[in-house]
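Student: I am new to this structure and would like a close look at one part of it, the largest pocket. Please describe what lines it, and then place it beside the other interior features.

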Amino acid sequence: MFEEASEVLENMLKWSFPLSLVLFLVLVCPLRAEAAHEFSVYRMQQYDLQGQTYGSRNAILNTEARTVDAEVLSRRCVMVRLIDFSYEKYQKALRQSAGAVVIILPQNMSTVPQDIVQQFMELEPELLATETIVPVYFALEDEELLSIYTQTQISSSSQGSSSAAEVLLHTATANGFQMVTSGAQSKAVSDWAITSLEGRLTGAGGEDLPTIVLVAHYDSFGVAPWLSYGADSNGSGVAILLELARLFSRLYSYKRTHAGYNLLFFLSGGGKFNYQGTKRWLEDNLDHTDSSLLQDNVAFVLCLDTLGNSDNLHLHVSKPPKEGSPQHALLKELETVAAHQHPDLKFSMVHKKINLADDTLAWEHERFGIRRLPAFTLSHLDSHRSPERHSIMDMRPHVDLTKLSRNTKVIAEALARVMYNLTEKGVSGDLQIFTEQMQVQEDQLASLVDWLTAQPRAAQLLDKDSSIVNTLEYHLNRYLKDVRRHLVRADKRDPEFVFYDQLKQTMNAYRVKPAIFDLLLAVCIASYLGVLYLAVQNFGLLYGFLRRVTAPRVKQH
Amino acid sequence: MTLFHFGNCLSLAYFPYFIAYKCSGLSEYNAFWRCVQAGATYLFVQLCKVSEPFGPHKDVSNEFMKATVDLADLLGLHLVMSRNAGKGEYKIMVAAMGWATAELIMSRCIPLWVGARGIEFDWKYIQMSFDSNISLVHYIAMAAVVWMFTRYDLPKSFRLPVTILLGLCVYKGFLMELFVHVFLLGSWMALLVKAVLTGAISLCSLFLFVTLVHSN
């Protein structure tokens, strides 16, 4: 019975086995190779602003890695470390039509020497200005990436300098790397909505009160959107605005300190893209609605931009304020407060006319100036072209908390002196209003800046459902009334701004051997098989030898 | 060139089998289907082995137990050889060829197909192919030892060496893992040690076989 069963089983196996094998192979066909190393890469900016294209146009790459010193760079992925990066090398790679450029940034930016940071910050706008079809990626360094880089460097630098035999040996032992990104080609994001938030504190005493507008843009900018943390520019501005909202809402909650000014707070989006949020908000408020705080009686608009460091404070104006205007009053109060309460602070006014022929506007107040609203920007930078406003190096260590809270205090004191008309009432310049319970809370500012710099805030990454926008709205709701969202979408036919996607990718580095290695291996295998064949053919010799060795022993028995 | 690499590995793995089949004279005896039957028995034995439950912890005693289960391999080889009539060498070769080819297809083809075709290069595929060559020699030696063990006319003095060789064959995998673990051998060194060990076992079994066959 056992015999029959095994016969049946064997027959079954005989026929089903090959079929199942073929089926299995077919199912297993899709190839999923494991990479030597997988890491995140962040693409360089790609956007169109007012019809002008900027940045890298391409996202996909599947090329072999080389370092900059290699001779042949065309259609290769050029890997550079930040320390070795320079504009000439970048140009060289582009000229030789490299396949891609990957810039490796150290994990901890604070270890990089200051001059390299400064040099890179100045290079960023130039990198973006040269529009290129080569994908440019940034990666954060880790051990494996560093080892890949050193191996590539060794193999790159030895090419073209040795004899044929050495090259042959080299190919057998060298490890090449193939860099592949997994995403698709980049394309324009349609219907992106930039969100801005506004909130108000209504003044006491009837209608037709003058309005003070406080503005700060909350987005950040850098050569790679996913690495733009924008600590000083403009995380500091947002933190100050929220702290001012808290302080003044507190003052307004008591009848005795409820001032006769409306306060309008505005957190604008798309600030780094020529202040799109502000532009549309102004159009909506001035052109498309009948009554708005911005139409009636605006005392002045104060824009906060980059106030987290340094002992300078500049008030940028497009035309010098006239005597007797509220603008002039604020200017005077700022001077008074700086002189009396903070002697280490150097305050000055910077006058720059609006130049409409420029591609982009300089400061945010110019948007208001174009619509004939009195406005100025407060910043510790003296020029809008300063590289710190557009850099990925602008991270949390760039914000000095004591200086930030000092600047907050100066602004709050000056505003209060204007709103409560303190100088006319004869109050001396030394009197500090914001003390004790009303003092500027440094830990509040600290937690705000920490939260803002914990994630990238590039405008392309913050849509209307993003957590940052929601949290900002929540914050404003705690202190202000009538908090509203304002959306900006690009015009369909003639878009002012176009964003592109595929900004963050996963790159795989595969260990590869050059083609000649396979040929070499085939030759070796063929010779091995030849030797084996000869050995098997002559197996009889071994058999005979052993027979002869054992035979005499038997004969002796 | 990755398909090329797959081709390299496959030829390195499979050609020795082809050479052995052709040169050992099996093709003259129309032994192909018998080899396939041997392969089917291999599958059956593997299925039986899989159904044995063991604890999840990977430690020495567990590995030892797992290796003991490989005794089923010996039973399978014996079964194949007993069903085949013919000379001793014929039986051994048929059983070993079928067994080793089945092992090659089941345990090496899939990893090679999936892995060697990919972009990523790894030396382990070449090593796997070499390993299959070594397995062939190993199974021939094992089949020979099993055949000798079951002979009724085996002289007393041979009992002990044959039993020792049998034990070595079964526990070879276990010994290899022990070596690698203790001496922390690299992959190429481990392959070399395995080749040496298999060579030693097969030489001994060949010696015993020649003595047995030509002693009467």
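Tutor: What follows goes through the pocket, then the annotated spans of chain B, the nonpolar cores and the cavities.

The model is predicted. Its largest pocket has a volume of about 1400 Å³. The lining is made up of 38 residues, and those closest to the centre of the pocket are Val536(A), Phe539(A), Met93(B), Val137(B) and Ile140(B). Six helices each supply at least two lining residues: α14 (515–537) and α15 (539–556) from chain A, with α1 (2–23), α5 (88–116), α6 (124–149) and α8 (187–213) from chain B. The largest share belongs to α8(B), which gives nine residues. By class, the lining holds 29 nonpolar, seven polar and two charged residues.

Chain B also carries an annotation from a record. An unreviewed UniProt entry marks residues 134–150, 162–185 and 191–213 of chain B as "transmembrane region". In the model, residues 134–150 of chain B are 94% helix and 0% strand, with end C-alpha atoms 25 Å apart. For residues 162–185 of chain B the figures are 92% helix and 0% strand, and the end C-alpha atoms lie 29 Å apart.

Next come the nonpolar cores. The largest has 69 residues, and Leu244(A), Leu302(A), Leu304(A), Leu378(A), Leu415(A) and Met419(A) have the most contacts inside it. Helix α6 of chain A, residues 231–253, contributes the most to this core, with 12 residues. Another core, of 49 residues, lies apart from it; Ala31(B), Val94(B), Ala100(B) and Val162(B) are among its members. To take one residue of the largest core, Leu304(A) touches Leu244(A) and Leu378(A), and its other contacts include Val215(A), Ala216(A), Asn234(A), Gly237(A), Ile240(A), Leu241(A) and Ile411(A); residues up to four places away in sequence are not counted.

Last are the enclosed spaces. There are two cavities of 30 Å³ or more, and the second largest has a volume of about 50 Å³. This cavity is lined by Val68(A), Val78(A), Val80(A), Phe85(A), Ser86(A), Lys89(A), Tyr90(A), Ala93(A) and Val101(A). Two elements of chain A, β5 (76–81) and α2 (87–95), give two or more residues to that lining. Of these, α2(A) gives the most, with three residues. The lining of the second largest cavity divides into seven nonpolar residues, one polar and one charged.

Note on methods. Residues numbered from 1 in each chain as written. Chains lettered and ligands numbered in written order. Predicted model: local features only at pLDDT ≥ 70, side-chain atom pairs only at ≥ 80, totals over all residues. Heavy atoms only, no water. 1 Å grid on protein atoms, 1.4 Å probe; cavity = no way out; pocket = protein on both sides within 12 Å on 5 of 7 lines; lining within 4 Å. Points joined across faces, edges and corners; volume = space filled by probe spheres on them. Helix = DSSP H or I, 4+ residues; strand = E, 2+ residues; numbered from the N terminus. Nonpolar A, V, L, I, M, F, W, Y, C, P; charged D, E, K, R; others polar. Core = buried A, V, L, I, M, F, W, Y, C linked by side-chain atoms within 4.5 Å. Buried < 20%, exposed > 50% of the residue type's maximum accessible area, 1.4 Å probe, protein only. Contact = heavy atoms within 4.5 Å. UniProt positions renumbered as here; feature names shortened; annotations may be inferred.
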